[in-house]
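Here is a short briefing to keep beside the model as you look around. It begins with the overall fold and then moves to the interior, the charged pairs and the surface.

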Amino acid sequence: MPKLKPKELESRRQEIIDAARTCFLRSGFHRTTTDDICREASITPGGLYHYFGGKDEIIAAVIHQSTSEVIDRLQALIDSAGDMRSAFGEVSSFFIETMHDPNMDNVVRLDIEIWAEALKNQKLYEISKESWSMRRQLMESFVKKGAEDGLYSMPDVDARGLSSLLLAILVGMRIGKVLLKDDFDLNGAITAMLLVHSGRLSVEMPGLNGMIAPLQQATQPAAARAG
């Protein structure tokens with residue numbers, strides 16, 4: 001290959017990642033070959049292997065970039081908001097916009113394929129786990145800041161637990177939309193989630209403290225339980 005400048009190398013690498021994402025979304029992870037990616041990127045197989053060692057490395061790059069795009073967008077929304085209440089509104093709007101993106105179903109289908117493959121491929125599992133952990137950690141930081149600004153009725157809100165729940169809701173909604181199609185009320189689910197999160201939809205549960213206590217005990221470090 002002719003010697004390229006660093007910016008040109010990065011630009012060509014990006015073209016391959018974009019081509020791979022297009023192929024994966026169009027044909028799925030397993031049905032896409034490196035030859036397909038080469039054709040989409042207008043590059044020879046030898047040229048592709050100059051940038052990536054194989055399909056797994058390309059998949060990893062696609063995952064990393066998708067994660068970075070989401071994290072960077074959310075962080076920008078949080079940083080540009082005047083206060084945490086405004087930030088929650090901006091993030092909620094971004095969530096709604098993302099869930100209604102026409103391409104989201106294809107993204108979720110690809111996610112499902114990657115998750116299934118990750119159960120058999122430890123390296124891919126670690127990459128996928130890291131990408132979703134980054135999302136959850138950003139949510140946790142977001143919840144902590146909201147708690148510090150008095151957004152929640154409980155000043156000692158469990159930021160890690162709530163961020164884990166929010167991530168599970170996000171993944172569950174994405175999968176529900178793909179698997180259940182018209183039987184899944186996306187708008188109704190989003191509305192209910194926002195109502196619950198804002199405290200406008202609640203239910204009295206006698207004995208709730210008794211149910212929560214063993215869960216809280218189980219999440220404490222062993223030393224604290226022993227003490």
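Helices here are DSSP runs of H or I with at least four residues, numbered from the N terminus. By that count, this predicted model holds eleven helices and zero strands. One of the helices is α7, which covers residues 122-148 and contains Glu140, a residue to which we will return.

**Overall layout**
- Followed along the sequence, the pattern reads α-α-α-α-α-α-α-α-α-α-α.
- The C-alpha trace spans about 70 × 45 × 35 Å along its principal axes.
- Of the 227 residues in the protein, 34% count as buried.
- Among contacts with a separation of 6 or more, 65% are between residues 24 or more positions apart.

**Nonpolar cores**
- The largest nonpolar core has 26 residues, and Ile16, Phe24 and Ile37 touch the most other members.
- Two or more residues of this core come from each of α1 (6-27), α2 (34-41), α3 (45-51), α4 (55-80), α6 (104-118) and α7.
- Helix α1 gives the largest share, with seven residues.
- Leaving out residues up to four places away in sequence, Phe24 touches Phe29, Thr32, Ile37, Ile58, Ile59, Val62 and Leu110.
- A second, separate core has 17 residues, including Ala81, Ala87, Tyr152 and Ala159.

**Charged pairs**
- Side chains of opposite charge can pair when their charged atoms come close.
- The model has ten salt bridges in total.
- Arg12 and Glu15 form one of them, with an N to O distance of 2.3 Å. Both residues lie in helix α1, three residues apart, which is about one turn of the helix. Arg12 is buried, at 17% relative accessibility, whereas Glu15 is partly exposed, at 39%.
- Arg26 pairs with Glu40, their closest N and O atoms being 3.3 Å apart. Because Arg26 belongs to helix α1 and Glu40 to helix α2, this bridge ties together parts that are 14 residues apart in sequence. Arg26 is exposed, with a relative accessible area of 52%, and Glu40 is partly exposed, with 36%.
- In the bridge between Arg73 and Glu97, the closest N and O atoms are 3.7 Å apart. This pair links distant parts of the chain, with Arg73 in helix α4 and Glu97 in helix α5 (residues 84-99), 24 residues apart. Both ends are partly exposed: Arg73 has a relative accessible area of 36% and Glu97 has 45%.
- Arg136, Glu140 and Lys144 are joined into one network by salt bridges that share partners.

**Back to Glu140**
- Is Glu140 buried or exposed? Its relative accessible area is 13%, so Glu140 is buried, the cut-off being under 20%.
- Beyond its neighbours within four places in sequence, Glu140 is in contact with Ala159, Arg160 and Ser163. Ala159 also appears in the second core.

**Surface**
- The protein exposes about 14,000 Å², and carbon and sulfur atoms supply 56% of that area.
- Val203, Met205, Leu208 and Met211 make a nonpolar surface patch of about 380 Å². Met211 sits in helix α10 (residues 208-219) and is partly exposed, at 45% relative accessible area.

**Loop residues to look at**
- Ser42 is not a glycine, yet has a positive phi of about 55 degrees. Ser42 is in the loop between α2 and α3 and is exposed, with a relative accessible area of 62%.
- Lys181 is not a glycine either, and has a positive phi of about 50 degrees. Lys181 lies in the loop between α8 (159-180) and α9 (186-198) and counts as exposed, at 52% relative accessibility.

Conventions:
Residues are numbered from 1 along each chain as its sequence is written. This is a predicted model: local features need pLDDT of at least 70, side-chain atom pairs count only at pLDDT 80 or more; totals for chains, interfaces and linings use all residues. Side-chain values use heavy atoms; hydrogens and water are left out. Buried means under 20% relative accessible area, exposed over 50%, partly exposed in between (1.4 Å probe, protein chains only). Contact means heavy atoms within 4.5 Å. A nonpolar core is a set of buried Ala, Val, Leu, Ile, Met, Phe, Trp, Tyr and Cys residues joined through side-chain atoms within 4.5 Å. Patches are made of residues with over 30% relative accessible area and no salt bridge: like charges are joined within 9 Å, nonpolar side chains (Val, Leu, Ile, Met, Phe, Trp, Tyr) within 5 Å. Accessible areas come from the Shrake-Rupley method with a 1.4 Å probe; for residues, only the protein chains shown count as cover. A salt bridge is a side-chain nitrogen of Lys or Arg within 4 Å of a carboxyl oxygen of Asp or Glu.
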